[in-house]
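Thank you all for coming. I would like to walk you slowly through one model today, beginning at its ligand and then moving outwards, so please keep the sequence and the picture in view.

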Amino acid sequence: MLHFQEKRFIVVFVFLTSLFSSVAIGQHLPRLEKRGAVTQLIVDDKPFLILGGELYNSSSSNLEYMEPLWQQLKDMHLNTVLVAVSWQLTEPEEGRFDFSLVDGLIREAREHDMRLVLLWFGSWKNGLSHYVPDWVKQDPARFHRVILDNGKATETVSPLGLESGKADARAFAALMAHLKKVDGRENTVIMVQVQNEVGVLGAVRDYSELANTFFHQQVPKALIDGLKMYEEDLHPQVRELWERNGRREAGSWNEVFGNNLLAEEYFMAWHYADYINAVATAGKAQYNLPMFVNAWIVQPEDKRAGDYPSGGPQEHVHDIWRIAAPNIDILSPDIYLPDFPAITEAYTHSWNPLFIPESFAGELGAANAFYAIGKHAAIGYSPFGIDGIADSPQASALSKSYSVLEQLTPLITGAQSDNRITAFILTKNQSLITQKLGGYKVTASLSQNMRSGEFLSDNGYGIVIWEGDDAFVVTGSNINITFVPDTTGPRMAGFLSVYEGEYLNGSWESGRLLNGDNIMVNYDLSNEAHHNRTGTGAKLGSDPSILKVKLYRFE
Ligand code: DGJ
């Protein structure tokens with residue numbers, strides 16, 4: 001018989017081993033982690049860049065349809081595929097779950113050495129509710145719908161409805177519990193998007209009786225507390241409305257934010273964020289993966305909320321989402337507009353790492369991926385409809401750039417956390433940009449024919465990484481990079497060397513030493529010298545490549 005002390009020892013031992021093993025499993029899970037200046041996605045305990053692609057909406061509903069796609073996606077140098085998982089197919093009858101599609105997707109992804117981001121098409125997809133199970137669609141009395149301002153009913157589930165929130169959370173929790181069981185060790189699934197592009201379409205808010213009642217009630221105290229907590233950091237419009245209406249600490253939505261459409265949009269944002277936070281919380285309680293939402297962002301032709309999904313995580317309601325949905329880790333933009341730099345900036349906050357789940361492929365996509373990752377420390381990029389472009393020039397442009405980003409991932413993620421990296425997107429309208437890095441003014445210019453001055457392409461892009469001292473790695477396409485000292489000391493900098501090369505299994509393999517025509521960008525030496533330039537630059541041609549640059553200073 002065991003002595004009391006021995007028993008106590010065994011209990012403590014078992015407790016500690018289970019604690020350590022759960023800590024160990026937790027440590028290995030894909031997670032977001034603050035490293036230095038930025039938040040990074042950690043997969044297999046290393047910083048990971050999602051070189052992704054999102055499938056068309058219906059592709060992942062059939063494994064046979066998917067079969068030929070995997071190798072094509074692999075050949076495009078994707079490391080992650082974003083795939084829809086619908087509530088409709090997951091819970092065809094209430095309480096009966098079918099995870100065969102998810103299991104099949106995980107199996108195929110593993111066979112092709114790919115990761116997955118699951119897109120939970122639950123209560124909403126593009127604002128609408130077409131992916132809910134039949135038993136939800138057919139029971140509007142139980143699962144409240146959004147009513148428009150003209151009194152007409154929609155198919156859209158209302159975020160005010162308690163029953164749909166509970167049912168969605170239950171289904172999502174079941175999915176996450178299943179993932180933990182089948183993937184908790186291998187971590188093929190690295191992140192989950194909770195719903196898709198939510199918000200009311202067709203009206204600024206839900207005008208159902210239920211919603212009207214809530215709208216005329218008090219703004220939740222948690223929102224007021226949050227506004228106070230983040231007061232210094234609020235979006236100017238939120239702060240302005242709150243202050244203009246007396247910075248009230250209690251009152252209805254109209255009293256706190258005024259009699260305007262924004263008050264109604266904030267109301268919807270609160271309820272979507274609150275609902276989705278509850279769904280995410282139920283999922284994370286089962287299996288704690290990073291979770292994000294994506295925004296159908298405001299389009300130039302939109303006149304008011306409701307033209308774009310009202311209440312979705314648009315930039316101007318980030319504060320509301322941040323306060324209402326602490327268990328949503330990232331608010332992401334879907335970017336189909338030309339001003340990629342401005343939109344990515346609007347979605348990058350110290351508390352919100354950048355991830356772009358939907359955007360363009362092709363040359364533009366390559367430029368976007370480089371820019372988001374190099375300029376805003378994005379955790380990844382993913383063009384939409386990736387299965388539609390296999391074998392096209394669009395695929396080849398993307399895959400060449402992904403191949404370079406893949407080689408540079410350890411270097412890039414290290415430089416992101418130390419703030420030693422920047423990036424450029426150039427167009428014919430903005431063909432020259434200067435930024436500061438590593439004690440230099442680094443100028444990127446769109447490649448030109450040296451004699452005629454004609455641009456060699458419509459777009460150029462690049463990343464510059466400072467390796468310490470006077471050494472840089474530059475990568476990109478259709479740009480020239482020049483360096484002018486920005487610290488005291490000799491005012492000009494020339495190249496000691498510019499090597500092209502590749503990183504093979506993490507080690508640098510030099511190719512040609514570039515010199516002569518391959519580094520000359522301007523023979524007008526008098527004017528160049530006047531600006532402390534030497535006429536030389538690191539020249540990146542149309543196929544994305546990597547150059548290692550060493551400088552020396554003189555005057
Ligand atoms: C954005 C949505 O999130 C996607 O599911 C898809 O519908 C695309 N729009 C189509 O452009």
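Around the ligand we find Asn57, Lys125, Asn126, Asn196, Glu197, Asp334, Glu358 and Phe384, where a residue is near a molecule if one of its heavy atoms lies within 4 Å of it. Before going further, I should say that this is a predicted model, in which local features need pLDDT of at least 70 and side-chain atom pairs count only at pLDDT 80 or more, while totals for chains, interfaces and linings use all residues. Residues are numbered from 1 along each chain as its sequence is written, and side-chain values use heavy atoms, with hydrogens and water left out.

By class, this shell holds 1 nonpolar, 3 polar and 4 charged residues; here Ala, Val, Leu, Ile, Met, Phe, Trp, Tyr, Cys and Pro count as nonpolar, Asp, Glu, Lys and Arg as charged, and the others, Gly among them, as polar.

Which side chains place an N or O atom beside an oxygen atom of the ligand? Glutamate 358 does so at 2.6 Å, asparagine 57 does so at 2.9 Å, and asparagine 126 has a polar side-chain atom 3.1 Å from a ligand oxygen. With the ligand, a polar contact is simply a pair of N or O atoms within 3.5 Å; within protein, one atom must be able to donate a hydrogen and the other to accept it, and residues adjacent in sequence count only if both atoms are side-chain atoms. Taken alone the ligand exposes 300 Å², and the protein buries 75% of that, with areas from the Shrake-Rupley method and a 1.4 Å probe, only the protein chains shown counting as cover for residues.

Let us stay with asparagine 126, which lies in the loop between β6 (115-125) and α6 (134-137). Helices (H or I, at least four residues) and strands (E, at least two) are DSSP runs, numbered from the N terminus.

Is asparagine 126 buried or exposed? At 24% relative accessibility it counts as partly exposed, since buried means under 20% relative accessible area, exposed over 50%, and partly exposed in between (1.4 Å probe, protein chains only). Its phi is near 55 degrees, a positive value in a residue other than glycine. Most residues other than glycine have a negative phi.

Asparagine 478 also has a positive phi, near 60 degrees, and sits in the loop between β18 (471-477) and β19 (479-485), but asparagine 478 is buried, at 9%.

Now for a residue in a strand: valine 192 belongs to β9 (residues 189-196) and is buried, with a relative accessible area of 0%. Leaving aside neighbours within four places in sequence, valine 192 is in contact (heavy atoms within 4.5 Å) with residues including Leu118, Phe172 and Met291. Valine 192 and valine 117 are 75 residues apart in sequence, yet their C-alpha atoms are 5.5 Å apart in space.

In helix α16 (residues 393-418) we meet serine 417, which is buried at 16% and has a polar side-chain atom 3.1 Å from the backbone oxygen of glycine 414.

Finally, the whole protein chain has 17 helices and 23 strands. Buried residues make up 54% of its 555 residues, and among contacts between residues at least 6 apart in sequence, 72% join residues at least 24 apart.
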